[in-house]
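Let's take a friendly walk through a protein model, one piece at a time. Have the picture ready and follow along as we go.

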Protein chains: 2
Amino acid sequence: MNVNFINPFLQSLLNVISTMASMDLTPGKPQIKSDNLAKGDVSGLIGLVGPQTKGSLSITFEQKLVLQIMQNMLGENPGKINEEVTDLVGEITNMVTGGAKNLLGQKGYEFEMATPMVVSGKGHTISHKANGTKIIMPFTSPHGTAYIEICFEN
Amino acid sequence: MNVNFINPFLQSLLNVISTMASMDLTPGKPQIKSDNLAKGDVSGLIGLVGPQTKGSLSITFEQKLVLQIMQNMLGENPGKINEEVTDLVGEITNMVTGGAKNLLGQKGYEFEMATPMVVSGKGHTISHKANGTKIIMPFTSPHGTAYIEICFEN
């Protein structure tokens, strides 16, 4: 996978969380994912289809972090992952991917987004099954950790 | 969502499991999904993008059922959900969606598939966040239950 593909997703997540939740996440170093899976409690997932490539993206949050994001954005904290939280994670997934799509479109990389799905379940893991390099980026905060994982074929 | 969209996915799952694992699943009644979420232990998810619509599909298995499918297909049963099992679930998701894509293409409904993702985690649930009707179809067997969920916009 072209390294130009990665930074727009990183930038877009930082922008979305900063703008919507007034929270600064600290990006860690992007890594080629081997068998170390990101564990989290709620994840937004979306499929990507372009003329030359296809792939998938996920954003995984620890419960405490996503609840703090919700508190900051909406002024309420349900104390657990309910449908309002999964709706929010779906929206964040759409916004982050849409932001990256715009940045990548300016560089000539085009893809269409499918619709987001949200998984909830304590400590689940996600495997991206495209035949391509898988990149995982951790983001830390005092409230917990989030991960973006991206995989594009070719 | 057009009801013509549903049966090809149902048929395709029955075909794939019958052909590959010599197992007959019993389809239950497709239902419009409200807030009753399918719970399972491993799920394959894939995004769908067409000229007029986009959406998402998931196939969720209980652990005992997916391990029996693996036993029947490959003659081995790891006793837990490991990377071989998630690879298999990714393959099944691709095959089922590809089979339905062929059947739907013959009726003039075209879409492209993104690449599959596989979630593992005891008792997780999936919410499809497209703005459209969500259909859930249960499939039962003596070894446990599987669910297909599909959502298309428009």
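How many of the 8 residues of strand β4 (residues 54-61) of chain A are buried? The count is 7, and this strand is mostly covered. Before we look at its surroundings, please keep in mind that this is a predicted model.

**The neighbours of β4 in chain A**

Strand β4(A) has partners to pair with. One of them is strand β3 (residues 39-49) of chain A, which pairs with β4(A) in the antiparallel sense over 8 bridges. To see this pairing up close, find Ile46(A), which stands opposite Leu57(A) in β4(A). If you trace the chain from β3(A) to β4(A), you pass through a hairpin of 4 residues.

Another partner is strand β8 (residues 144-152) of chain A, which is joined to β4(A) by 7 bridges and also runs antiparallel to it. Here a good pair to look for is Phe61(A) and its bridge partner in β8(A), Ala146(A). When you look at strands like these, a general point helps: in a regular strand the side chains alternate between the two faces of the sheet.

**A buried valine in a helix**

Next, turn to helix α3 (residues 83-106) of chain A, where you will find Val89(A). Is Val89(A) buried or exposed? Its relative accessibility is 0%, so Val89(A) counts as buried, the cut-off being under 20%. Leaving out residues up to four places away in sequence, Val89(A) touches Val42(A), Ser43(A), Gly44(A), Phe61(A), Val66(A) and Val118(A). You have already met Phe61(A), the residue whose bridge partner in β8(A) is Ala146(A). As a reference distance, the C-alpha atoms of Val89(A) and Phe9(A) are separated by 16 Å, and the two residues are 80 places apart along the chain.

**Where the two chains meet**

Now bring chain B into view. There are 31 residues of chain B in contact with 31 residues of chain A. The size of an interface is often given as the accessible area lost when the parts come together. Here chain B and chain A bury about 2300 Å² between them, with 61% of it on carbon and sulfur atoms. On the chain B side, the residues that lose the most area to chain A are Thr115(B), Met117(B) and Lys129(B), which together make up 30% of what that side buries.

Polar links cross this interface too. There are 12 residue pairs in polar contact between the chains, and the number of salt bridges is 2. One salt bridge is formed by Lys129(B) and Asp87(A), whose closest N and O atoms are 2.6 Å apart. Which element gives the most residues to the side of chain B that touches chain A? It is β6(B), with 10 residues. By type, the residues on that side divide into 13 nonpolar, 12 polar and 6 charged.

The strands themselves also join up across the interface. Strand β6 (residues 117-128) of chain A runs antiparallel to β6(B), and 8 bridges join the two. In this pairing His128(A) stands opposite Met117(B).

Ser127(B) also belongs to strand β6 of chain B. Setting aside neighbours within four places in sequence, Ser127(B) is in contact with Thr86(A), Pro116(A), Met117(A), Val118(A) and Leu37(B).

Thr115(B) sits in the loop between β5 and β6 of chain B. Its side chain reaches the backbone oxygen of Gly55(A) at 3.4 Å. Beyond its neighbours within four places in sequence, the contacts of Thr115(B) include Lys54(A), Ser56(A), Ala130(A) and Glu153(A) from chain A, along with Leu45(B) and Ile46(B).

**Buried and exposed, side by side**

This table gathers some residues for comparison, including a serine in each chain.

| Residue | Relative accessibility | Class |
|---|---|---|
| Thr115(B) | 1% | buried |
| Ser127(B) | 11% | buried |
| Ser22(A) | 66% | exposed |
| Ser22(B) | 66% | exposed |

Ser22(A) lies in the loop between α1 (6-21) and β1 (26-27) of chain A, and Ser22(B) lies in the loop between α1 (6-21) and β1 (26-27) of chain B. Although Ser22(A) is not a glycine, it has a positive phi of about 45°. Ser22(B), not a glycine either, has a positive phi of about 45°.

Conventions:
Residues numbered from 1 in each chain as written. Chains lettered and ligands numbered in written order. Predicted model: local features only at pLDDT ≥ 70, side-chain atom pairs only at ≥ 80, totals over all residues. Heavy atoms only, no water. Contact = heavy atoms within 4.5 Å. Buried area = accessible area lost by both parts, 1.4 Å probe. Salt bridge = Lys/Arg side-chain N within 4 Å of Asp/Glu carboxyl O. Polar contact = N/O pair within 3.5 Å; in protein donor to acceptor, adjacent residues only side chain to side chain. Nonpolar A, V, L, I, M, F, W, Y, C, P; charged D, E, K, R; others polar. Pairing = 2+ DSSP bridges. Buried < 20%, exposed > 50% of the residue type's maximum accessible area, 1.4 Å probe, protein only.
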